Amino acid sequence: MKSPLFLKVILLGAALFAPFAVAADKKPLKVGFAQTGAESAWRTANSESMKGEAAKRGIDLKFSDGQGKQENQIRAIRSFVTQRVDAIVLAPIVETGWDPVLREAKRAGIPVIITDRTIQTADESLFACFIGSDFYEEGRMTADWLAKATGGKGNIVELQGTPGSAPANERRRSFGDAIAKYPGLKIIDSQSGDFRRAGGKEVMEALLKKHGRAINIVYAHNDDMALGAIQAIEEAGLKPGRDLTIVSIDAIKEAIQAVIDGKISCTVECNPLFGPKVYGTIERVLAGEKVERKSYNQDELFDATNAAAAIGARQY
Ligand code: AHR
């Protein structure tokens with residue numbers, strides 16, 4: 001007969017290792033992520049956050065780069081449905097045209113989390129929730145800062161993001177709404193640089209040719225386009241920050257450095273590091289918990305007063 005001490009050791013061992021036995025049995029969560037592409041430094045940081053957090057949590061992530069095309073993202077979602085993933089994450093390139101494919105995911109019983117950019121749909125049941133930044137608020141913050149810094153005067157050229165995308169639509173709308181209060185601030189031209197650095201440079205070159213020194217202010221919908229515009233401005237023999245005021249959105253590390261260098265006057269943050277929040281939400285959705293319908297990141301504004309103090313801790 002076994003001694004009581006022997007039995008205690010066996011029981012203790014079973015208790016200690018039971019959770020691992022369950023974990024070993026449990027299949028890793030399978031998540032499909034339809035990313036827009038790799039158009040900006042912001043996007044790279046966002047993809048890294050999603051991939052890094054998946055690896056940390058042992059999630060089997062199926063990552064698809066949409067290469068800037070909605071049809072690629074639609075194809076990716078269909079393939080995630082065929083692969084029977086547990087959840088789908090979509091960062092939609094444009095706002096419209098998602099209903100049919102989201103209906104397919106819904107019919108398959110796969111929850112869809114919309115991240116980063118919102119969609120327009122009459123059927124809110126097609127997605128579980130939205131996680132991202134408030135683009136309208138970002139445009140408003142930029143415009144208010146600008147109005148204060150310029151005394152409400154100046155000719156603005158706007159470098160828009162991808163046509164039809166939520167950030168381009170919202171940042172344009174809110175900036176326009178806010179500067180309407182200042183009759184001395186006028187948008188004299190507005191063109192798309194597609195959220196890309198090369199796009200920002202190309203558009204700025206054309207705008208400088210067209211308007212020359214009549215341009216006082218550049219409002220870029222993201223930092224990559226602002227940094228591209230800076231190249232064009234410098235190549236035209238002008239000094240960014242002195243000859244033109246540049247304001248933009250994202251607050252990537254390189255733009256914060258440009259604020260310190262006096263080339264960009266202000267950049268409003270759009271935090272891309274939401275991998276942990278997305279997977280945490282997926283786990284709750286799959287556990288049948290009620291989650292917030294729309295959850296927004298808290299974003300800050302950086303200018304000459306706080307950029308130097310912030311750059312050291314900047315992760316992207
Ligand atoms: O949707 C977020 C926007 O998309 C970021 O501002 C931009 O940099 C990115 O490409």
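1. Is Ala251 buried or exposed? In this predicted model, Ala251 is buried, with a relative accessible area of 0%. Ala251 lies in the loop between β9 and α9 (253-260). Its phi is positive, about 60°, although Ala251 is not a glycine. Ala251 also belongs to a core of 33 residues, discussed in point 5.

2. The residue before the loop deserves the same check. Asp250 is found in strand β9 (residues 245-250), and its phi is near 135°, again a positive value in a residue other than glycine. Asp250 is buried, with a relative accessible area of 3%. As background, most residues other than glycine have a negative phi.

3. On the overall fold, the protein chain has eleven helices and twelve strands. The C-alpha atoms fill a box of roughly 95 × 45 × 35 Å along the principal axes. Of the 316 residues, 50% count as buried. Among contacts between residues at least 6 apart in sequence, 75% join residues at least 24 apart.

4. The largest nonpolar core has 37 residues, and Ile156, Tyr279 and Ile282 are those with the most contacts inside it. Helix α5 (residues 135-150) supplies the largest share of this core, six residues. Once neighbours within four places in sequence are set aside, Tyr279 is in contact with Val31, Met50, Glu53, Ala54, Arg57, Ile59 and Leu61.

5. A second core, separate from the largest one, has 33 residues. Leu159, Met225, Ala226 and Ala251 are among them. Met225 also takes part in the helix contact described in point 6.

6. Two packed helices are described by the angle between their axes and the distance between the axes. Helix α7 (residues 197-211) and helix α8 (residues 223-235) pack at an angle of about 45°, and their axes are 7 Å apart. That angle makes α7 oblique to α8. The crossing of the two helices is right-handed.

7. What residues form the contact of α7 with α8? From α7 come Arg197, Gly200, Lys201, Met204, Glu205 and Leu208. They meet Asp224, Met225, Leu227, Gly228, Ala229, Gln231, Ala232, Ile233 and Glu235 in α8. By type, the residues of this contact divide into seven nonpolar, three polar and five charged.

Technical notes. Residues are numbered from 1 along each chain as its sequence is written. This is a predicted model: local features need pLDDT of at least 70, side-chain atom pairs count only at pLDDT 80 or more; totals for chains, interfaces and linings use all residues. Side-chain values use heavy atoms; hydrogens and water are left out. A nonpolar core is a set of buried Ala, Val, Leu, Ile, Met, Phe, Trp, Tyr and Cys residues joined through side-chain atoms within 4.5 Å. Buried means under 20% relative accessible area, exposed over 50%, partly exposed in between (1.4 Å probe, protein chains only). Helices (H or I, at least four residues) and strands (E, at least two) are DSSP runs, numbered from the N terminus. Contact means heavy atoms within 4.5 Å. Axes are lines fitted to C-alpha atoms, for helices over the stretch in contact, and angles run from 0 to 180 degrees between N-to-C directions. Angles under 35 degrees count as roughly parallel, over 145 as roughly antiparallel, 65 to 115 as roughly perpendicular and the rest as oblique. A crossing is left-handed if the near helix is turned anticlockwise from the far one by less than a right angle, and right-handed if clockwise. Ala, Val, Leu, Ile, Met, Phe, Trp, Tyr, Cys and Pro count as nonpolar, Asp, Glu, Lys and Arg as charged, and the others, Gly among them, as polar.
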